[in-house]
Amino acid sequence: TSVTEGCTTVVTYTWTATDNCGNTASASTVVTIIDTTNPYFTSLPENITVNCDEAVPGFGEYAAGDNCDSDVTIEVAEERIDGNCAQSYTLVRTYRATDNCGNQAVESRYVYIVDEQAPSFDEQGASFTYECGEEIAVVEPIASDNCGEVSLSFIDSELEGNSCQGVITRTWTASDECGNSSTF
């Protein structure tokens, strides 16, 4: 006989021996079958790196199998781990497969969102002429970034030339929130 209750199946085998005179003896063997094997993933997405100005992909395709359960349940959870700036972070996606007996398999996949692109300066005039004694105005260039805010700073070189004509070189640096920078 076989009796299944939940995830346990109990099979009872009864053996009967009969001799030539009709005498019999019986013995039983009880076999208990329990599902203790974890399910397994048959498909999971790969770890991926995405630029901060690209769309973050969905959870991808995933599937699991099991030795006893033909309909394994899969739950997906996501946790964000901040990086060194607002545009750079990691999404940890945890895939949990559970069979109908509570056995589980757990795998994590990572989506790395990065900002590796420096701000860029828009095309603009780079030379200006002033008269002696005139205050040198700060003509701020225009810079933009693919993912965040840009901060500008500058450094002026020492006056090169003489009292009648000289050149000061103003070097601008555009930095984004992730530490990427470019100069103009």
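In this predicted model, two strands each supply at least two residues of the lining of the largest pocket. These are β14, spanning residues 166–167, and β15, spanning residues 170–176. The pocket holds about 960 Å³ of space. Its lining comprises 29 residues. The closest to the pocket centre are F128, Y130, I136, G166 and I168. G166 also falls within the span of β14. By residue class, the lining divides into 14 nonpolar, ten polar and five charged residues. Rolling a probe the size of a water molecule over the atoms shows where empty space is left.

The secondary structure of the protein chain consists of 16 strands and zero helices. The chain is more spread out than a compact globule, because its radius of gyration is 36 Å, well over the 16 Å that the globule rule gives for 184 residues. The box filled by the C-alpha atoms gives the dimensions along the principal axes: roughly 135 × 25 × 20 Å.

Burial and contacts were examined over the whole chain. Of the 184 residues, 23% count as buried, with buried meaning under 20% relative accessible area. The accessible surface of the protein chain comes to about 12,500 Å². Carbon and sulfur atoms account for 47% of that surface. Among contacts between residues at least 6 apart in sequence, 49% join residues at least 24 apart.

Notes:
Residues are numbered from 1 along each chain as its sequence is written. This is a predicted model: local features need pLDDT of at least 70, side-chain atom pairs count only at pLDDT 80 or more; totals for chains, interfaces and linings use all residues. Side-chain values use heavy atoms; hydrogens and water are left out. On a 1 Å grid over the protein atoms alone, a cavity is a set of points where a 1.4 Å probe fits but cannot get out, and a pocket is an open set with protein on both sides within 12 Å along at least five of seven lines; lining residues have an atom within 4 Å of a point. Grid points are joined across faces, edges and corners, and a volume is the space filled by probe spheres set on the points. Helices (H or I, at least four residues) and strands (E, at least two) are DSSP runs, numbered from the N terminus. Ala, Val, Leu, Ile, Met, Phe, Trp, Tyr, Cys and Pro count as nonpolar, Asp, Glu, Lys and Arg as charged, and the others, Gly among them, as polar. The radius of gyration is taken over C-alpha atoms; the globule rule is 2.2 Å times the number of residues to the power 0.38. Buried means under 20% relative accessible area, exposed over 50%, partly exposed in between (1.4 Å probe, protein chains only). Contact means heavy atoms within 4.5 Å. Accessible areas come from the Shrake-Rupley method with a 1.4 Å probe; for residues, only the protein chains shown count as cover.
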